[in-house]
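Visitor: I would like to learn how to read helix packing and a buried charge. Where do we begin?

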Amino acid sequence: MLPKKLPLLAESTIQKKTIEAFEKSGWMVVKIIQTNRNGFPDLQCMKDSRVVFIECKKQGKTKIDPLQSYRHNQIRKQGFLVKIINDINQIQDVIKSCEIL
């Protein structure tokens, strides 16, 4: 008998785990619900004068929408970091990469 496949994690679960982990690491996290600009990342994380934007996707989803890509590039041109998380196993590595900014 083959082992049962685990269901892929929903975006909301990955987002919740990301918020918890960033806050545990001392970051202030704002969930961006609605802005005057569609395609904005889901989370804004702030710590020690650093600001990082996080886009959460359901587990395994690697593509972002064209509008999201456009917004991410706009944000990067302003000098901010934008990260995409689509697996809870990425969270600690993303936090570490943000700590060395």
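**Reading two helices and one aspartate**

Guide: This is a predicted model. Begin with burial in helix 3: I91, V94, I95 and C98 are its buried residues.

Visitor: Why do the buried residues of helix 3 line one face?

Guide: Look down the axis. The buried residues of helix 3 fall within an arc of 100 degrees, so they line one face of the helix. The face turned away from that buried side carries exposed D93 and K96.

Visitor: What do the buried residues of helix 3 pack against?

Guide: Their partners are helix 1, strand 3 and strand 4.

Visitor: Which residues of helix 1 are buried?

Guide: I14, Q15, T18, I19, A21 and F22. They pack against strands 1 (28–31), 2 (43–47), 3 (50–56) and 4 (81–85), and against helix 3 (91–99).

Visitor: How many residues does helix 1 have, and what span does it reach?

Guide: Compare the span with the expected rise of 1.5 Å a residue. Helix 1, residues 11–24, has 14 residues and reaches 20 Å between its first and last C-alpha, close to the expected 20 Å. G26 follows helix 1, with a positive phi near 95 degrees.

Visitor: Now the charge. Where does D42 lie?

Guide: In the loop between strand 1 and strand 2. With a buried charge, look for a salt bridge, with a cut-off of 4 Å. D42 is buried but has none; K57, the nearest side chain of opposite charge, is 6.1 Å away.

Visitor: Which backbone nitrogen lies 2.7 Å from a polar side-chain atom of D42?

Guide: That of C56. Beyond its neighbours within four places in sequence, D42 is in contact with residues including E11, Q15, V30 and I54. Q15 is also among the buried residues of helix 1.

Technical notes
Residues are numbered from 1 along each chain as its sequence is written. This is a predicted model: local features need pLDDT of at least 70, side-chain atom pairs count only at pLDDT 80 or more; totals for chains, interfaces and linings use all residues. Side-chain values use heavy atoms; hydrogens and water are left out. Helices (H or I, at least four residues) and strands (E, at least two) are DSSP runs, numbered from the N terminus. The expected span of a helix is 1.5 Å times one less than its number of residues. Buried means under 20% relative accessible area, exposed over 50%, partly exposed in between (1.4 Å probe, protein chains only). Contact means heavy atoms within 4.5 Å. The arc is that of the directions from the helix axis to the C-beta atoms. Lys and Arg count as positive and Asp and Glu as negative; His and the chain ends are not counted. A polar contact is a pair of N or O atoms within 3.5 Å; within protein, one must be able to donate a hydrogen and the other to accept it, and residues adjacent in sequence count only if both atoms are side-chain atoms.
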